[in-house]
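Open your viewer, switch to a cartoon with sticks for the side chains, and keep the selection box handy. We will walk from stop to stop, and at each one you will hear what to pick next.

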Amino acid sequence: MKYFFITIALCITSFLHAQNSGVIEGKLLDKSNNDEPITFANVAIKGTDVTSITDFRGNYVFKDLEPGTYTLQYSFLGYETKEIEIEVVEGKKWVDAHLKISKAINFEAIQLAALAEGNN
């Protein structure tokens, strides 16, 4: 009988804990390339050490989040960094984000500056 009550108490505790957590799922897409998924990009919760990497389909996930407001930060080499503020409640929240390619570096200006320094 004692084991029965312990088992019931553990089940109720785990059930109550599971209801208080939230999940953020989403997809990171390339705005400059017909919404193609961006693979292996970094998605972080700003102000924490919690990060995720997008998979081959651009999907990412954060599990077991306490309800509250979070800022998601998306970054990938060659793209502009983007931040989205999201309110997490119990259950699942889907957040898609689009990144734009950053402005190209002007290599002509760099070459001219290097040539001008070399002539001095």
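Begin by selecting glycine 47, in the hairpin of β3 and β4: this glycine has a positive phi near 85°, and 5 residues lie between the two strands of the hairpin. Please keep in mind that you are looking at a predicted model.

Now show the two strands themselves. β3 and β4 run antiparallel and are joined by 3 bridges. To find one pairing, click asparagine 42, whose bridge partner in β4 is isoleucine 53.

Stay with β3 and turn to its other pairing. Which strand do 4 bridges join to β3? That is β6, residues 68-75, and this pair also runs antiparallel. Select alanine 44 and you will find glutamine 73 as its bridge partner in β6.

Next, go to lysine 46, in the loop between β3 (42-45) and β4 (51-53). Add glutamate 83 to the selection: the two form a salt bridge, with their closest N and O atoms 3.0 Å apart. Glutamate 83 sits in strand β7 (residues 82-88), so this pair links distant parts of the chain, 37 residues apart. Are these two side chains buried or exposed? Each falls in between: glutamate 83 is partly exposed at 40% relative accessibility, and lysine 46 is partly exposed at 45%.

The count comes to 2 salt bridges, and the other stop of this kind is lysine 92 with glutamate 25. Their closest N and O atoms are 3.0 Å apart. Because lysine 92 belongs to strand β8 (residues 91-99) and glutamate 25 to strand β1 (residues 22-30), the pair ties together parts that are 67 residues apart in sequence. Lysine 92 counts as exposed, at 61% relative accessibility.

Switch to a surface view for the last two stops. Select Phe40, Ile53, Phe56 and Phe76, which make a nonpolar surface patch of about 440 Å². You have met Ile53 already, as the bridge partner of asparagine 42. Phenylalanine 56 lies in the loop between β4 and β5 (59-65), and with 65% relative accessibility it is exposed.

Finally, colour Lys31, Lys82, Lys100 and Lys103, which form a positive surface patch. Zoom in on lysine 103, in the loop between β8 and α2 (107-118); its relative accessible area of 77% makes it exposed.

Key:
Residues numbered from 1 in each chain as written. Predicted model: local features only at pLDDT ≥ 70, side-chain atom pairs only at ≥ 80, totals over all residues. Heavy atoms only, no water. Salt bridge = Lys/Arg side-chain N within 4 Å of Asp/Glu carboxyl O. Buried < 20%, exposed > 50% of the residue type's maximum accessible area, 1.4 Å probe, protein only. Patch = residues over 30% accessible without salt bridge, like charges linked within 9 Å, V, L, I, M, F, W, Y side chains within 5 Å. Areas by Shrake-Rupley, 256 points an atom, 1.4 Å probe, with all protein chains shown as cover. Lys, Arg positive; Asp, Glu negative; His and termini not counted. Charge placed at Lys NZ, Arg CZ, Asp CG, Glu CD. Pairing = 2+ DSSP bridges.
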